[in-house]
Structure formats: C-alpha cells, structure tokens
Amino acid sequence: MAHDLDLIFAALGDPTRRAILMMLLEDDMAVTDVAEPFEMSLAAVSKHLSILTRAGLIAQEKRGRVKWCKLEPDAMRAASVWMQGFGQFEEIDLDGLERFLERELSDGA
C-alpha cells in the first residue's frame with residue numbers, strides 16, 4: 001500500500017498529469033485527444049500517461065487502432081482515504097493566506 005501511495009503522489013506531483021486527470025473526468029479520451037492541448041510531443045504525453053497508468057490512476061486500452069485512456073477511481077480513493085487520516089487538523093484558509101501575503105509583499109515594495 002505504501003509503495004502504491006508513493007506512485008500515486010509522485011504521479012500527482014506534476015501539473016501536466018493533474019491536467020490530464022481533470023480532462024479524463026469528463027470522459028474516456030483517445031491518446032491523441034489527450035495530447036492535443038499540450039505544447040509537447042506525443043511521446044512526452046505518452047510518458048505522462050505511462051506514469052499515470054503505473055500509479056493506477058488511469059487505464060489504457062486499444063480499441064481498433066486507437067489507444068484510449070480512462071480514469072481509474074480506486075487509486076485516487078486510496079490516496080483520499082490516506083489523506084483523510086489527517087482530518088483532525090484545522091483547515092487552512094488558503095485565500096486568507098494569499099491576501100495576507102499580497103498585503104505583506106505590497107507593503108514591502
């Protein structure tokens with residue numbers, strides 16, 4: 001389980017992979033459609049997809065000549081259950097923190 005969580009959190013650590021997961025929330029997508037909005041090669045997107053697949057966050061399957069990607073919710077659920085163990089901590093007001101930092105930084109300028 002710890003190894004699985006390591007792979008999941010490592011996969012989630014990249015903004016491109018998080019964007020891909022958000023796209024797949026809508027529906028299954030062909031690899032070429034996943035790659036379309038990114039300014040990188042299809043090979044680079046394929047590497048991101050391989051990392052997501054290894055982490056269990058997505059599944060890839062061939063349908064005819066086209067490779068499709070779909071979200072696999074179980075891996076994300078495992079990470080969510082682990083994170084809920086920290087629920088006893090008070091929620092951080094990120095908006096308030098951002099406003100505070102903006103005030104502090106603008107006062108110092």
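## Arg17, an arginine on the inside

Let's start with Arg17, which sits in helix α2, the stretch covering residues 15-26. Keep in mind that this is a predicted model. Does Arg17 have a salt bridge, or does it lack one? Arg17 is buried and has no salt bridge. The nearest side chain of opposite charge belongs to Asp14, and that is 4.3 Å away. A salt bridge needs the nitrogen and oxygen within 4 Å, so this pair doesn't make the cut.

Arg17 does have a partner of another kind: its side chain reaches the backbone oxygen of Ala11 at 2.9 Å. Leaving out residues up to four places away in sequence, Arg17 touches Ala10, Ala11, His48, Ile51 and Leu52.

## His48, a neighbour in α4

One of those contacts, His48, lies in helix α4. Is His48 buried or exposed? Its relative accessible area is 13%, so His48 counts as buried. Besides Arg17, His48 touches Asp14, Thr16, Ile20 and Met40, again skipping residues up to four places away in sequence.

## The overall layout

Zooming out, the protein has six helices and three strands. Walk along the sequence and you meet them in the pattern α-α-β-α-α-β-β-α-α. Of the 109 residues, 27% are buried. Now take the contacts between residues at least 6 apart in sequence: 50% of them join residues at least 24 apart.

## The nonpolar core

Nonpolar side chains tend to be buried together in soluble globular proteins. Here, the largest nonpolar core has 22 residues, and Ile8, Val34, Leu49, Leu52 and Leu57 have the most contacts inside it. The elements giving two or more residues to this core are α1 (2-12), α2, α3 (31-35), α4 (42-54) and α5 (73-84).

Take a look at Leu57. Not counting residues up to four places away in sequence, its contacts include Ile8, Ala11, Leu12, Leu21 and Leu52. Leu57 also touches Lys70, Leu71, Glu72, Ala75 and Met76.

## The three-stranded sheet

Which strand order does the sheet have? The order is β1-β3-β2, in an open sheet with antiparallel pairing. That puts β1 (29-30) and β2 (58-63) at the edges, each pairing on one side only.

Strand β3 (residues 66-71) pairs with β2 over six bridges and with β1 over two. Cys69 in β3 shows up in both pairings: it is the bridge partner of Gln60, and Met29 stands opposite it too. β2 and β3 form a hairpin with two residues between them, and Gly64 in the turn has a positive phi of about 70 degrees.

## Salt bridges

Side chains of opposite charge can pair when their charged atoms come close. How many salt bridges does a search of the whole structure find? There are three. In one of them, Asp28 pairs with Arg63, with the closest N and O atoms 3.1 Å apart. This pair links distant parts of the chain: Asp28 is in the loop between α2 and β1, while Arg63 is in strand β2, 35 residues apart. Arg63 also meets Glu61 in a salt bridge, at 2.7 Å from N to O. Asp28, Glu61 and Arg63 are therefore linked in a network. Glu61 is partly exposed, at 37% relative accessibility.

Another salt bridge joins Arg77 and Asp74 at 2.5 Å. Both lie in helix α5, three residues apart, which is about one turn of the helix. Asp74 has a relative accessible area of 52%, so it counts as exposed, while Arg77, at 47%, is partly exposed.

How values were computed
Residues numbered from 1 in each chain as written. Predicted model: local features only at pLDDT ≥ 70, side-chain atom pairs only at ≥ 80, totals over all residues. Heavy atoms only, no water. Helix = DSSP H or I, 4+ residues; strand = E, 2+ residues; numbered from the N terminus. Buried < 20%, exposed > 50% of the residue type's maximum accessible area, 1.4 Å probe, protein only. Lys, Arg positive; Asp, Glu negative; His and termini not counted. Polar contact = N/O pair within 3.5 Å; in protein donor to acceptor, adjacent residues only side chain to side chain. Contact = heavy atoms within 4.5 Å. Core = buried A, V, L, I, M, F, W, Y, C linked by side-chain atoms within 4.5 Å. Pairing = 2+ DSSP bridges.
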